[in-house]
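Biologist: I should like to request a close look at one part of this model, followed by an account of the regions around it. Please keep the discussion to what the coordinates support.

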Amino acid sequence: MKKIGLFYGTTTGKTKKVAELIKKEFGEKSVDVFDIKHIKPEDILNYDNIIFGTSAWGIGDMQDDWEIFIDKVVDLDMKGKIIALYGLGDQKEYPGSFADALGTLYCRMHVKDQIVGAISTNGYNYYFSSAELDGKFVGLVIDEDFQPEKTAERVKKWVTQLQKEFK
Ligand SMILES: Cc1cc2nc3c(=O)[nH]c(=O)nc-3n(C[C@H](O)[C@H](O)[C@H](O)COP(=O)(O)O)c2cc1C
């Protein structure tokens, strides 16, 4: 498998924590991790396997840094790239916009047929999420606020899945 570039935006550090867990699970040398606050969008093009991570703020908004960054990302030439997305949210406090930033991120991508990593919605309790499509989440969903005990297992399962779906 080719090296993975993981690009996250975080406000209180939880999306970063999950980025580090993902890296650890793949193996330290397999993933380069970047905070989007400190890079140029073109840096993404150094990788063929790409992971984007965002938390949800406001009512379903993407994390602040993503709100600006995304406009440049969607203009990049993503030909030949495989992309996986993950999103953090809080199903207890925001059950009507749970992990919606992941849904927005997915929505903004022009290359939907190159997106992998969809997972089952089983085990989450909410009543609306724009990250849900055809009965699945469009990427990994993590709830560090209400279900932190499930994070390690969810990351592990997702990484096993991506090891087959990445190139
Ligand atoms: C003001 C505020 C608004 C939030 N809005 C949402 C939301 O609409 N949907 C959701 O699922 N989570 C929401 N959350 C929960 C965060 O997404 C969650 O705490 C996340 O883990 C934060 O990650 P970060 O520290 O990487 O930014 C909100 C949290 C706060 C404090």
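How many of the residues of strand β1 (residues 4–8) are buried? Please take this strand as the starting point and then proceed to the ligand and the other parts of the chain.

Modeller: The model is a predicted one. In strand β1, which spans residues 4–8, five of the five residues are buried, so the strand is largely enclosed by the rest of the structure. In a regular strand the side chains alternate between the two faces of the sheet. For β1, the burial extends to both faces: I4, L6 and Y8 are buried on one side, and G5 and F7 are buried on the other. The strand pairs with β2 (residues 31–35) in the parallel sense, over five bridges. Within that pairing, Y8 has D35 of β2 as its bridge partner.

The ligand may be considered next. There are 20 residues around it, and the nearest are T10, T12, T15, S55 and A56. Two of the polar contacts involve the protein backbone. At T11, a backbone N or O atom lies 2.8 Å from an oxygen atom of the ligand; at G58, a backbone N or O atom lies 2.9 Å from a nitrogen atom of the ligand. A side chain contributes as well: an N or O atom in the side chain of S97 is 2.8 Å from an oxygen atom of the ligand. The ligand taken alone exposes 650 Å², of which the protein buries 85%. Two elements give two or more residues to the shell, namely α1 (14–26) and β3 (49–57). Strand β3 supplies the largest share, three residues. By residue class, the shell consists of seven nonpolar, 10 polar and three charged residues.

S55 and A56, which are among the residues nearest to the ligand, also appear in the surroundings of A101. This alanine belongs to helix α3, residues 100–108, and its relative accessible area is 1%. A101 therefore falls in the buried class, for which the cut-off is under 20%. Apart from neighbours within four places in sequence, A101 contacts T54, S55, A56, G60, D61 and M62. Its C-alpha atom is separated by 7.4 Å from that of Q63, although the two residues are 38 residues apart along the chain.

Beyond α3, the loop leading to β6 (115–116) contains Q114. Its relative accessible area is 18%, so this residue is also buried under the cut-off of 20%. Setting aside neighbours within four places in sequence, Q114 is in contact with M78, K79, G80, K81, I82 and I83. One of these, M78, also takes part in a polar contact: its backbone oxygen lies 2.8 Å from a polar atom of the Q114 side chain.

Finally, there is an open sheet of three strands with antiparallel pairing, in the order β7-β9-β8. Strands β7 (119–120) and β8 (132–133) stand at its edges; each has a single partner strand, so one side of each is left without a neighbour in the sheet. Strand β8 runs antiparallel to β9 (residues 136–137), and two bridges join them. One bridge involves E132, whose partner in β9 is F137.

Notes:
Residues numbered from 1 in each chain as written. Predicted model: local features only at pLDDT ≥ 70, side-chain atom pairs only at ≥ 80, totals over all residues. Heavy atoms only, no water. Near = heavy atom within 4 Å. Polar contact = N/O pair within 3.5 Å; in protein donor to acceptor, adjacent residues only side chain to side chain. Areas by Shrake-Rupley, 256 points an atom, 1.4 Å probe, with all protein chains shown as cover. Helix = DSSP H or I, 4+ residues; strand = E, 2+ residues; numbered from the N terminus. Nonpolar A, V, L, I, M, F, W, Y, C, P; charged D, E, K, R; others polar. Buried < 20%, exposed > 50% of the residue type's maximum accessible area, 1.4 Å probe, protein only. Contact = heavy atoms within 4.5 Å. Pairing = 2+ DSSP bridges.
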